Amino acid sequence: MNYKKTYVPAKGYTKLCQIGQCSLKKLEFGIIELDAGEKLPFYTEDREVAFIMLEGHCDVACNGETWKNIGNRNTVFENRKAESFYMPREQELEITALDHIKIAVCGTPVAEKTQPQVLREDHVVLKLLGRVPFQRETSFIIDGNSNAKILTIGEAYCTEGNWAGFPPHKHDTDNMPAECIAEEIYYFLFDPKQGFAVQCMYTSDGSLDEAYRVKNDELVEFPYGYHTTVSTPGYQTYFLWLMAGDYQGFNRSNDPEHDWVK
C-alpha cells in the first residue's frame with residue numbers, strides 16, 4: 001500500500017484522507033482553498049473538526065455568531081503559532097475568505113458534542129525539542145487544553161538538515177500509560193517550494209519498511225509502525241501533524257534499538 005498522497009491545489013474543499021478510503025480508520029484530512037470574498041458552507045457530521053489556518057484570513061459564522069479575521073500569516077513560515085478554529089460534531093458553519101486562504105481540515109468521529117472555539121495565537125504552545133542533529137521546533141495547537149475530545153494537532157519546523165521524531169517512535173499498542181493506539185498524518189510544506197524530506201516508516205518485524213521522498217503539498221499516513229523524518233539541507237521543512245486514537249495526547253514508545261540515542 002502507498003501511504004503517501006499528493007494535494008493538487010484546487011478551489012473549495014479537497015478531501016485527501018477519508019475513513020474507509022485510505023489506510024486510516026479514525027482520522028481524516030483535507031484542504032480548503034478560497035480566494036477573497038468566496039464562501040464555503042461546511043457540516044461536520046459525526047466528526048469533531050479542527051481547521052488550521054495555513055495561509056490567509058477568514059471570517060467564520062455558526063450558531064448565529066460570526067468570528068472575525070481568523071488567521072495570522074500568509075505562509076506557514078511567517079509565524080510559528082497558527083490560529084485555528086474548532087467545531088464539534090453536528091455543526092453547521094460558513095467560512096468567508098478575506099484574502100486567499102488555505103486551511104487544513106482535520107477530523108475524527110466523536111460521540112460527545114462540545115462547543116465551537118476560536119484558538120488565537122496566544123493559545124499555542126511552542127517548544128524546542130531534541131538536540132542537533134535531531135532538533136525541531138514544535139507547536140501544540142489542538143489538545144486537551146482545547147474543546148477537542150480526541151484530536152491532537154500541531155506543527156513542526158525541522159532544523160535544517162536535521163532529523164525530527166528521533167529516535168523513531170510508534171503508537172499502535174494498547175499499553176497505557178506508556179503507549180496508546182493512535183493514527184497520525186504528516187502534511188509537508190517547504191521553503192523554497194522545490195525542497196523535500198525523507199519520511200521513514202517501519203515495523204520491527206519488517207512487514208512494513210518504507211522511505212518516501214516527500215515534496216511540497218504531500219502527506220504520509222501512519223496507521224501503525226515506527227516513524228521518523230529527515231529534512232534536507234538548504235530548505236525550511238515544515239509539517240503539520242495530527243493524531244486521533246483511543247486517548248488524547250502523547251503516549252508512545254521509541255524503537256528500543258535506537259532509544260539510547262535520546
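Q: How many of the 10 residues of strand β21 are buried?
A: In this predicted model, β21 covers residues 236-245. The strand is mostly covered, and F239 is one of its residues, with a relative accessible area of 3%. Buried means under 20%, so F239 meets the cut-off. For β21 the number of buried residues is nine.

Q: Over how many bridges does β16 pair with β21?
A: Strand β21 also pairs with β13 (residues 152-158), in the antiparallel sense and over seven bridges; there E155 has L240 as its bridge partner. Strand β16 (residues 179-191) is likewise antiparallel to β21, and A182 stands opposite G245. The number of bridges between β16 and β21 is 10.

Q: Which strand gives the most residues to the largest nonpolar core?
A: The largest nonpolar core has 35 residues, and those with the most contacts inside it include I52, I153, Y187 and L240. Strands supplying at least two residues each include β2 (12-17), β5 (47-62), β13, β16 and β21. The top contribution is four residues, and it comes from β21.

Q: Which residue of β21 is in contact with I52?
A: I52 is among the residues with the most contacts inside the largest nonpolar core. Leaving aside neighbours within four places in sequence, its contacts include A82, K102, I142, I153 and E155. Strand β21 spans residues 236-245, and the contact of I52 that falls in this range is L240.

Q: Is the pair formed by the rings of Y186 and F239 stacked or edge-to-face?
A: The ring centres lie 4.2 Å apart, with the planes at 20 degrees. Planes under 30 degrees apart count as stacked and those over 60 as edge-to-face. The pair of Y186 and F239 is therefore stacked.

Q: How many residues apart in sequence are the parts that Y186 and F239 tie together?
A: Y186 is buried, with a relative accessible area of 5%, and F239 is buried at 3%. Ring pairs also link both residues with F188, F190 and F222 into a cluster. Y186 lies in β16 and F239 in β21, so the parts tied together are apart in sequence by 53 residues.

Q: Which strand holds Y157, the partner of F77 in an aromatic pair?
A: The structure holds 18 aromatic pairs. The one between F77 and Y157 is edge-to-face, at 6.3 Å centre to centre and 75 degrees between the planes. F77 lies in the loop between β6 (65-73) and β7 (84-87), so the pair ties together parts that are 80 residues apart in sequence. Y157 is buried, with a relative accessible area of 3%, and its strand is β13.

Q: Which residues of β19 are buried on the side opposite L219 and E221?
A: Strand β19 (residues 218-222) has five of its five residues buried. It pairs antiparallel with β1 (residues 4-6) over three bridges, and five bridges join it to β16, with E221 as the bridge partner of I185. Both faces are covered; opposite L219 and E221 the buried residues are E218, V220 and F222.

Q: What are the edge strands of the open sheet of five strands?
A: The order is β18-β17-β20-β14-β22, with antiparallel pairing. Strand β14 (residues 163-170) pairs with β22 over two bridges, and K170 has S253 as its bridge partner. The strands that pair on one side only are β18 (209-215) and β22 (253-254).

Terms used
Residues are numbered from 1 along each chain as its sequence is written. This is a predicted model: local features need pLDDT of at least 70, side-chain atom pairs count only at pLDDT 80 or more; totals for chains, interfaces and linings use all residues. Side-chain values use heavy atoms; hydrogens and water are left out. Buried means under 20% relative accessible area, exposed over 50%, partly exposed in between (1.4 Å probe, protein chains only). Two strands pair if DSSP finds at least two bridges between them. A nonpolar core is a set of buried Ala, Val, Leu, Ile, Met, Phe, Trp, Tyr and Cys residues joined through side-chain atoms within 4.5 Å. Contact means heavy atoms within 4.5 Å. Rings of Phe, Tyr and Trp (its six-membered ring) pair if their centres lie within 6.5 Å; planes under 30 degrees apart count as stacked, over 60 as edge-to-face and the rest as tilted.
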